[in-house]
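Biologist: I'd love a close look at one part of this protein with you. Could you walk me through it once the model is up?

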Amino acid sequence: MKHPAPDVLALYAGRDLNLWTMIRTAAHVYRCAQCAGQARSLGHARAQLKAEAMEMPAGLNWDEMAAEMRANIRLGLTAGAIVAETPESHFSPREPWPWQLGVVMASVALVAVLSWILPAPPADHTFQRAAAAPVFLETQAGGLALQDHGSALTLLSPEKTAATTTVSWDGGARASYVDPETGQVTIHHVSAQ
């Protein structure tokens, strides 16, 4: 009896195989106690990693984050007020655009902070959905590329900036780079479901 390769058992435990390979591996695991034990062990390890990933980071100070969010909102509102006061502004006095611009900027800042802080929801991987909607996620030298039914999204770092990319078992990829001029770290995280 030929046993499946360790990587096939790992993908089987995570339900990440195509339909035919999943059926063949399941039939073998049903008959082979050794492979069944390995698959259970890999499944438990995967569940434990998922549970640990859902835990909040140690030393998380909600009061400090709330103060930072309020400061970002105030900054957005102040920026909107400054735009309204400039004489070369394209806005007429009777249009409320400068105030709305501040609200939009504050909302964008709030969404950016929350998306950085909050963990991504657990992915629901089923091989039926994967067979119905193929998604290709690839890492490139300068960032990430996502292709879905002919549509493409590419997230690239600025020219001559090396991006560090990582790929996770749950179908996600992350690219991060440091802007050499400002020192700002930018992280792109894409998850294909």
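How far is the sulfur of Cys 32 from the closest cysteine sulfur, and which residue holds that sulfur?

Modeller: Happy to! Please keep in mind that this is a predicted model. The closest cysteine sulfur to that of Cys 32 belongs to Cys 35, at 3.7 Å, which is too far for a bond. Looking from the other side gives a matching answer: for Cys 35, the closest cysteine sulfur is in Cys 32, again at 3.7 Å. A disulfide is a covalent bond between the sulfur atoms of two cysteines. The cut-off used here for such a pair is 2.5 Å, so the 3.7 Å between Cys 32 and Cys 35 does not qualify. A search of the whole structure likewise turns up zero disulfides.

As for their surroundings, Cys 32 is buried, with a relative accessible area of 7%. Cys 35 is buried as well, at 1%. To put that in context, buried residues account for 20% of the protein's 193 residues.

The wider setting is a protein with six helices and six strands, in the order α-α-α-α-α-α-β-β-β-β-β-β along the sequence. Of the contacts between residues at least 6 apart in sequence, 42% link residues at least 24 apart.

On the outside, the protein exposes about 13900 Å², and 61% of that comes from carbon and sulfur atoms. Trp 62, Leu 110, Leu 114 and Leu 118 make a nonpolar surface patch of about 350 Å². Within this patch, Trp 62 belongs to helix α4, which covers residues 62-85, and Trp 62 is partly exposed, with a relative accessible area of 46%.

How values were computed:
Residues numbered from 1 in each chain as written. Predicted model: local features only at pLDDT ≥ 70, side-chain atom pairs only at ≥ 80, totals over all residues. Heavy atoms only, no water. Buried < 20%, exposed > 50% of the residue type's maximum accessible area, 1.4 Å probe, protein only. Patch = residues over 30% accessible without salt bridge, like charges linked within 9 Å, V, L, I, M, F, W, Y side chains within 5 Å. Areas by Shrake-Rupley, 256 points an atom, 1.4 Å probe, with all protein chains shown as cover. Salt bridge = Lys/Arg side-chain N within 4 Å of Asp/Glu carboxyl O. Helix = DSSP H or I, 4+ residues; strand = E, 2+ residues; numbered from the N terminus. Contact = heavy atoms within 4.5 Å.
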